Amino acid sequence: VIIAVHVGRVSCLCKTPPGAVPSAGKRGMVQRHPGGSQMAASVSTVAYLGLEARAVEVQVQLIPGLPAFNVVGLGDKAVAESRERVRGAIAAMGLALPPKRIVVNLSPADLPKEGSHFDLPIALALLGAMGVVDAETLSEYVVVGELGLDARIAPSPGVLLAALHASERGMGLVCPAAQGSEAAWAGQGVLAAPDILSLINHFKGHGLLSAPLPGDAEDVGHGPDLRQVKGQETAKRALEIAAAGGHNLLMVGPPGAGKSLMASCLPGILPPLDASEALEVSMVASVAGTLSGGRLTRTRPYRAPHHSASMAALVGGGLKVKPGEVSLAHLGVLFLDELPEFQRAVLDSLRQPLETGTVSVARANAHVTFPARVQLIAAMNPCRCGHLGDAALACSRAPRCAADYQAKVSGPLLDRIDLHIEVQAVSAADLVLPPPGEGSAEVAVRVAAARAVQTARYADHAVRTNAEADGALLDAVATPDAAGRTLLAQASEAMRLSARGYTRILRVARTIADLAGVETVGRIHVAEALSYRRQAPRN
């Protein structure tokens, strides 16, 4: 059997003696059975389940019979349509599919496969079965990429995860050229090709592809400066505590008081991501397809979804399970403005992520988990009109309208928010004052010092900040002195704190002591932590 290919600079002549039977068992080798009736090849790729890349073997076999092209193995619509993209890409190179029955099996067959990144491994496995490419060489690579009808290789989500998967197994990676810098962060052995023709030339030694370099790490971004906030000293103090300990914060106040501005200032006072955190954040962005140019960032994510967002948009899910806003904000800030305007079921879906730091999306055929360790910053008006307490502007239903409006947010969700503050309206006298002498840079220094203390404290534990400490660990690091314990016991009885509320008071008090540079939590730290706590309404 002789197959001749003349495409651009490619010229190959592959000859297999009739009846030859290769040694059995080597993955990826072209196999010809006795009698010359069947040929097969396989290529390694991955399927994504959350932030996990599962190994998938693409097996292609050419069988005598009526010409057909079938893809099996529990693939979704995009995988089923890959046969047309593969057919078009091969035709664009001047090749014709053999007049046989082509069967593509995605193994394991019971693992759901989603996405267009199966196009390239299917095409290469088919070329290997046809003898155009040495299938034994293909067995050294994990392959991902979407194909165009002109044989170009288009970007596909999740390349960083595929590169890490390949690196762990000592294999190389074949990926789109546009994502080579992204894959290069995971290690060596990356082939980033613009089209299939370039890959064929590389494997035949006619035009080697150069190894891509990791994308430049983005500089730490800076948002609005706290100097833009006039007045609101109590709110800025609460924002500093939230940043220092990774705590959740709720701001309640009239329109125009600066709640959204202060929330947007928070990323500017948070410490930058370290190397491991940047990789975690970039993996989520890679799966979501938002990692642009392979550039890993050290800036903490800041997500501010609109209050019309659905549950799938906020926590993840959908027909093809994708990370939601709470996962895209992993290790960063999730800002929910106009909190009561969100659907109540959508807000209550945040209970588990705020408690565990993960989101689990359950489906009949899959169970997907995404990381979701976020700082929730929420803002709301005291009532629908927003002017409760101002007799000249309040509506005629006050104060009943305030109770109805705030009751849209469930008590269990409010109980998971560490800091509650009332933001007062900004007066004209405040607006004409000169900018405050302390801005984001000065606050960021104190926050970084407090975070450094926590990093050293929790070095041997699986937590990063005070907001994550729990159980015996929290008791060991945050138990107040005698005066503080007495005050906390009295306040717990008077405020009817839940066990969760009691725990969060201890966490906030520990952070306040860290900002003060004090090892022992004292009465003054407990008192300030209690001032930021209010009893959740009983619905």
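This note goes through the cores, one helix and the ring contacts of the structure above.

1. The model is predicted, so to speak of local features pLDDT of at least 70 is needed, side-chain atom pairs count only at pLDDT 80 or more, and totals for chains, interfaces and linings use all residues. Residues are numbered from 1 along each chain as its sequence is written, and side-chain values use heavy atoms, with hydrogens and water left out.

2. The largest nonpolar core (buried Ala, Val, Leu, Ile, Met, Phe, Trp, Tyr and Cys residues joined through side-chain atoms within 4.5 Å) has 97 residues, and Leu 127 and Leu 173 touch the most other members. Buried means under 20% relative accessible area, exposed over 50%, and partly exposed in between, with a 1.4 Å probe and protein chains only. A second, separate core of 53 residues includes Leu 270 and Phe 335.

3. Helix α18 (residues 440-457) has 18 residues; helices are DSSP runs of H or I, at least four residues, and strands are runs of E, at least two, numbered from the N terminus. Its buried residues include Val 443, Val 447 and Arg 457. They fall within an arc of 135° seen down the axis, so they line one face of the helix; the arc is that of the directions from the helix axis to the C-beta atoms. On the other side of α18, Val 445 and Ala 456 are exposed.

4. Arg 457 also lies over the face of Tyr 458, at 5.7 Å from the ring centre (CZ of Arg or NZ of Lys within 6 Å of the centre and within 35 degrees of the ring normal).

Terms used
The expected span of a helix is 1.5 Å times one less than its number of residues.
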